Amino acid sequence: MIENKEGAVLEKTIGSRELDQRPWDILSDPTAISRIAESFLYMEELTVKDWSFDTKAIITKTFGDSAQIAVRFQKGSLIALGERIILQRTLKHHIELSCRIIRRLNDFEFLMQAESVSIAKTNRKEERLRVKNDSVFATNIVYHPEHFELNRHISLNVIREVLETFKEELIHPKFGEIKIGLFQSGQDSKFEIVRKTKKIFYIQNTEAPSSYTELLPQFVHYSTYFGKNILSAIRSYKNESIKSELILPILYDKNDKDSYPKAYLWIRSPQEHILAEDLSELYALSERIINTIRNSDSIKATDRFDVLNISESGAKIRIHQKDILYNVYGKESLKFDLVFKGRPPIHMNAKICWRSVDRTGKLFLGLKFIYDQEQLSSLRKLEYNLQSLRNRMNSGGGDATLFKIYRSLRPKRKKF
């Protein structure tokens with residue numbers, strides 16, 4: 001949101017900011033805000049920043065120089081009192097009106113306090129073209145996150161896939177079954193200790209007291225966490241016919257002290273002891289399992305996804321597929337095919353600059369196209385298709401260019 005800056009007169013309330021590498025003027029004087037709202041935004045169709053582009057709003061009334069406005073939405077909206085929203089519209093330059101909700105007037109209308117107006121001093125380097133009638137869409141999205149995240153939407157499927165992939169290797173000839181699981185609440189305390197310490201629970205010989213007291217930095221020291229009553233643990237293992245036990249934590253950023261492991265390998269060997277020289281083999285297996293899990297987090301989507309606006313540098317797209325909605329992270333990259341209707345698909349790479357989920361559960365992604373040597377052919381095709389799209393739009397008669405918004409503050413004739 002835009003910071004509120006106090007000022008007595010118009011000249012002293014103009015500040016500057018940088019957004020999308022463009023300079024902005026910021027006006028926070030209530031009188032100036034009121035005159036701009038009444039002169040240029042009154043009864044105009046506005047959109048709400050970071051909401052669905054289909055959400056439209058109209059300023060239906062202004063209240064003198066108080067910077068208070070009545071805003072009506074085209075459909076009912078779940079807005080909380082005190083919530084801040086940004087109404088926006090592009091005339092010659094892009095305008096953003098930062099507002100705070102004061103009270104609900106009816107199901108569709110709210111009284112708002114406009115706290116500041118931001119006006120872009122220049123247009124974007126490349127003009128964003130607003131796409132209509134599904135003339136441009138994205139498809140064949142391939143997304144592979146750099147930073148793996150396990151969550152409730154994919155974790156069970158991921159584990160099932162891993163069990164199927166490694167089903168032969170998880171039946172070890174010496175140790176019996178190797179289990180793969182997720183750390184969860186309610187498990188035995190030794191799992192929680194492994195998760196929190198990120199150390200390996202390793203009892204090489206359950207009958208030897210020395211296996212419980214040896215201390216190496218990478219292993220859980222049994223007596224530290226479970227007390228001195230080692231004989232009780234020995235009897236318990238003997239009753240269960242377990243000769244060795246190992247819990248190996250996996251799936252965490254080893255360079256991040258705040259990152260906890262998400263999963264584990266677990267062996268309770270009834271046949272042979274798990275020796276120190278066996279650990280390297282188990283470490284290697286865990287790394288292969290980790291790579292398989294990370295690859296399973298890749299997402300491929302072949303649906304058509306709306307491109308809402310586009311330029312040579314980037315695009316805004318709308319996503320409705322749930323596995324993308326929950327599992328795409330900002331600041332990472334994806335690949336997709338960009339299709340201009342009637343033209344062959346263009347293979348694109350893009351970085352996710354921002355993501356936003358609207359109130360209907362649709363995901364919006366702001367993409368910046370990646371410019372590298374491999375993309376030169378695709379970018380030339382993109383420029384050609386965008387110029388063709390501009391030519392078609394211009395031949396159809398676009399809106400006349402509007403004058404700079406704050407050059408004149410003559411009241412605008414109200415529409416009835």
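This short presentation describes one strand and one helix, E18 and H6, in a predicted model.

Allow me to begin with strand E18. The strand spans residues 314-319, and 6 of its 6 residues are buried. How do the side chains divide between the two directions? Gly314, Lys316 and Arg318 point one way from E18, while Ala315, Ile317 and Ile319 point the other way. In a regular strand, side chains alternate between the two faces of the sheet. Here, the residues pointing in either direction are buried, Lys316 and Arg318 among them.

I turn now to the partners of E18. Strand E17, residues 305-310, pairs with E18 in the antiparallel sense over 4 bridges. Within this pairing, Ala315 of E18 is the bridge partner of Ile310. The two strands form a hairpin, with 3 residues between them. E18 is also joined to strand E21, residues 363-369, by 6 bridges, and this pair likewise runs antiparallel. There, Ile319 has Leu363 of E21 as its bridge partner.

The second element is helix H6, which comprises residues 230-239 and in which Ile230, Ala233, Ile234 and Tyr237 are buried. Viewed down the helix axis, the buried residues of H6 fall within an arc of 100°, and therefore they line one face of the helix. Which residues are exposed on the face turned away from that buried side? They are Leu231 and Asn239.

As for what covers the buried residues of H6, the contributors include helices H3, H4 and H5, together with strands E13, E14 and E15. Finally, just after H6, Ser241 adopts a positive phi of about 60°.

Definitions and conventions:
Residues are numbered from 1 along each chain as its sequence is written. This is a predicted model: local features need pLDDT of at least 70, side-chain atom pairs count only at pLDDT 80 or more; totals for chains, interfaces and linings use all residues. Side-chain values use heavy atoms; hydrogens and water are left out. Buried means under 20% relative accessible area, exposed over 50%, partly exposed in between (1.4 Å probe, protein chains only). Two strands pair if DSSP finds at least two bridges between them. The arc is that of the directions from the helix axis to the C-beta atoms. Contact means heavy atoms within 4.5 Å.
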